[in-house]
Amino acid sequence: MKIISWNTNGLRATVKQGNFDPLFSKYKPDIVCLQETKAEAEQLPEDVRNKKGYYSYFSHSRKRKGYSGVAIYSKIKPDKVTELGIPHFDDEGRTLVAYYNIDGEEVVLITCYFPNGGSGPDRLEYKLEFYDAFLKFINNLRKKGRKVIFCGDVNTAHTAVDLARPKANEENTGFLPIERAWIDKVVKHDYVDTFRYLNPNTKDMYTYWDQKTASRDRNVGWRIDYFFVSKELEKKVKRSTMLTDYMGSDHCPILLELK
């Protein structure tokens, strides 16, 4: 099974630039998870809203148009698709939760656009509150015997090797100790960062670059997009990488392949 996750930074722009269909034709994914779509399903062209060969699901911000938003395209029809079930967070259209039964195994796939803490203390507080609620949610899924895969823009680089300039960003959101500590907690709860699992010592591999400073050309980036799997799926992880040559956003797509 091949899954792609991508923060598109605006799905309508992605489509207009011709970067939507090639993601499917080039990599032939079984599932595509998108974040920061910035669109309601009704605003998308018919062939994007209903991609041929895929079941499609969308969530958008109910508070602010053209903000946040996530989507899932899946060749396999999920048993059901929900959100977190917490209005305070669901109103921003940040999460889709797809429940599958695959070969008798109950697997839950979550695409999530985690909040950015950079717009003041209240947003950092919101981000940390979201983090805690999300971890509680996925832990509850596992208590019910479900295996979990979650992906998306976590908006935090975990360790110094996950960004080009760690020293310069020690006091900036996205690399604050309190944000990084949450990822530590996720790992302690037996969730596996699939890229680091397969590439423990790899450096200079990022998923986000600031467009204003053309930092992608110099590879001055951050690894803030992840695929995590619950420990029970660890041995099924075959490949986890960044599709750094794929353009169309300030993020690149990431790919997870499971046996």
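Contact here means heavy atoms within 4.5 Å. This is a predicted model: local features need pLDDT of at least 70, side-chain atom pairs count only at pLDDT 80 or more, and totals for chains, interfaces and linings use all residues. Residues are numbered from 1 along each chain as its sequence is written, and side-chain values use heavy atoms, with hydrogens and water left out. Helices (H or I, at least four residues) and strands (E, at least two) are DSSP runs, numbered from the N terminus.

**Helix α6**
- α6 spans residues 177-188, 12 in total, and reaches 16 Å from first to last C-alpha. That is close to the expected 16 Å (1.5 Å times one less than the number of residues).
- E179, W182, I183 and V186 of α6 are buried (under 20% relative accessible area, 1.4 Å probe, protein chains only). They cover an arc of only 95 degrees around the axis (taken from the directions to the C-beta atoms), which puts them on the same side of α6.
- P177 and K188, on the other side, are exposed (over 50%).
- The cover over the buried residues of α6 includes α5 (121-143), β8 (147-153), β9 (191-193) and β12 (225-230).
- D190, just after α6, has a positive phi of about 70 degrees.

**The sheet**
- Six strands form an open sheet of mixed pairing, ordered β5-β6-β7-β8-β12-β9. Pairing requires at least two DSSP bridges between two strands.
- β5 (80-82) and β9 are the edges; each has a single partner strand, so one side of each lacks a neighbour in the sheet.
- β9 and β12 run antiparallel, joined by 3 bridges. Y191 stands opposite S230 in β12.
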